[in-house]
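Visitor: Please take a close look with me at one part of this model, the place where its domains meet, and then relate that part to the whole chain.

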Amino acid sequence: MQTNILVTGGAGFVGRNLVARLIKGNETKTIWVIDDLSTGISPHQWPELKLEAAGREGDIHIFQAKGTPGTIKFIKSDVLPVFLGELGNIPVTISFKLPKMDYVYHLASIVGGRVKIDGDPLSVGLDLAIDSVFFLWAAKVNRPDRILYASSSAAYPISLQEADKDIALREEMIDFEKGFAAPDFTYGWSKLTGEFLSRIAHRNYGLSAAVIRPFSGYGEWQEPVYPVPAIAMRAAAKYDPLYVWGTGEQCRDFVHIEDCITCMLLAIENIKDGSAVNIGSGVATSFLELATLMGDIAGYKPKVKGKAGMPVGVAKRYCDPEYTREKLGFYPTISLREGMTRVVEVAGKRIEIGVPIPE
Ligand SMILES: NC(=O)c1ccc[n+]([C@@H]2O[C@H](COP(=O)([O-])OP(=O)(O)OC[C@H]3O[C@@H](n4cnc5c(N)ncnc54)[C@H](O)[C@@H]3O)[C@@H](O)[C@H]2O)c1
């Protein structure tokens, strides 16, 4: 039987890695990708998956990956008019109706790193519209069998992530019955709201929804507006001093994208009630430590320095991975050194092809 899978925002970093994993295997499936390419990459240029154009049906661009029976149907569009059109709230803007989906991974979001989150919070607030329209469409029009909503560790209260605190963030620290403390700016509010909508979608509309809270996901071809690929490029170019933003003492819980995808696949199969799981290792690594590791991987010993005046976010954000382990049997398998070695290697390739080294 034909499986239909929709990945909104599927041309972004997480989406491309997800599609690359989903397309593997012998099962016949159609993976629908809707992405406006505001930050995503057009499918014929994906670094993670070589695709061949296989025709066009109106607004749908069809791609295939060699050696797999699956098909990717790419629609270059903002999700809002697509879903609002199918809901009947605005005139229909695309030339077809989406089939009933077996799986939907809702990843479309304005993210963009710290500069975007702190510098343009009302644009990021559009995520509230994207998520509310998505859940309405899912409940009233498409009724997919399973939904995964990409929340974020940014949904956790920032008061638990201060420099003098050492708290591993646990799923229960977001409790919709007991009330809230403020999450991380408009991005965090949108994710918290999206989580609430996931629960409502299950409780009031009978949908099966899973929520994930990835901590700092990184990988080879993540865009260099994010700190991991940016520092890796400076290390690959052997900058000395090798600088990181802020004091560099701020800590994150880094998790490789391959591990993130593994956890997402487990979550969508095993969680139905709109509840959330962390995706992280439970290890807090400072940016100073990260840059030192990258220097070592690049084969030199730079002086690692902080750079004042740059946006850095909260002081210490890392998870307690135990609930995810208990619920899904998941714990990351790719060590920080192994993952960062892959990133530094790609950073070198980026420099060779002329990608500017981020300041
Ligand atoms: N990468 C991480 O570590 C991480 C951590 C926590 C949460 N997340 C969440 O995972 C999801 C994917 O993140 P990512 O890192 O791949 O980000 P990304 O920016 O690479 O991908 C988001 C994609 O959504 C697309 N998009 C944005 N607005 C759209 C719209 N209105 N209609 C259609 N497409 C639209 C963009 O073009 C982009 O391709 C997001 O929801 C993000 O909040 C990611």
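Guide: Where the two domains meet, 29 residues of domain 1 are in contact with 24 residues of domain 2, contact here meaning heavy atoms within 4.5 Å. The model is a predicted one, in which local features need pLDDT of at least 70 and side-chain atom pairs count only at pLDDT 80 or more, while totals for chains, interfaces and linings use all residues. Residues are numbered from 1 along each chain as its sequence is written, and side-chain values use heavy atoms, with hydrogens and water left out.

Domain 1 takes in residues 3-217 and 254-279, whereas domain 2 is put together from 220-252, 283-317 and 334-352; these bounds come from an automatic or database domain assignment. Taken over C-alpha atoms, the centres of domain 1 and domain 2 are 27 Å apart.

A useful residue to begin with is Q222, which sits in the loop between β10 (216-218) and α7 (227-236), helices being DSSP runs of H or I with at least four residues and strands runs of E with at least two, numbered from the N terminus. Beyond its neighbours within four places in sequence, Q222 touches F13, G217, V228, P229 and R350. Residue 222 falls within the 220-252 segment of domain 2, while residues 13 and 217 fall within the 3-217 segment of domain 1. Q222 counts as buried because its relative accessible area is 6%, the cut-offs being under 20% for buried, over 50% for exposed and partly exposed in between, with a 1.4 Å probe and protein chains only.

Within domain 2, L288 belongs to helix α9 (residues 287-298). Its C-alpha atom is 4.9 Å from that of G248, although the two residues are 40 apart along the chain. With neighbours within four places set aside, V244, T247, G248, E249 and V304 are in contact with L288, whose relative accessibility of 23% makes it partly exposed.

Domain 1 offers two further residues for comparison. S151, in the loop between β7 (146-150) and β8 (168-169), is buried at 4% relative accessibility, and outside its neighbours within four places it contacts K191, E195, V211, I212, R213 and P214. E52, in strand β3 (residues 52-57), is partly exposed at 43%; its contacts outside that same sequence window are I62, F63, Q64 and K66, and its C-alpha atom lies 8.5 Å from that of I62, 10 residues away in sequence.

Stepping back to the whole protein, there are 11 helices and 17 strands, and the C-alpha trace spans about 55 × 50 × 40 Å along its principal axes. The radius of gyration is 20 Å, which agrees with the value near 21 Å for a compact globule of 359 residues; that radius is taken over C-alpha atoms, and the globule rule is 2.2 Å times the number of residues to the power 0.38. Of the contacts with a separation of 6 or more, 80% join residues 24 or more positions apart, and buried residues make up 53% of the 359.
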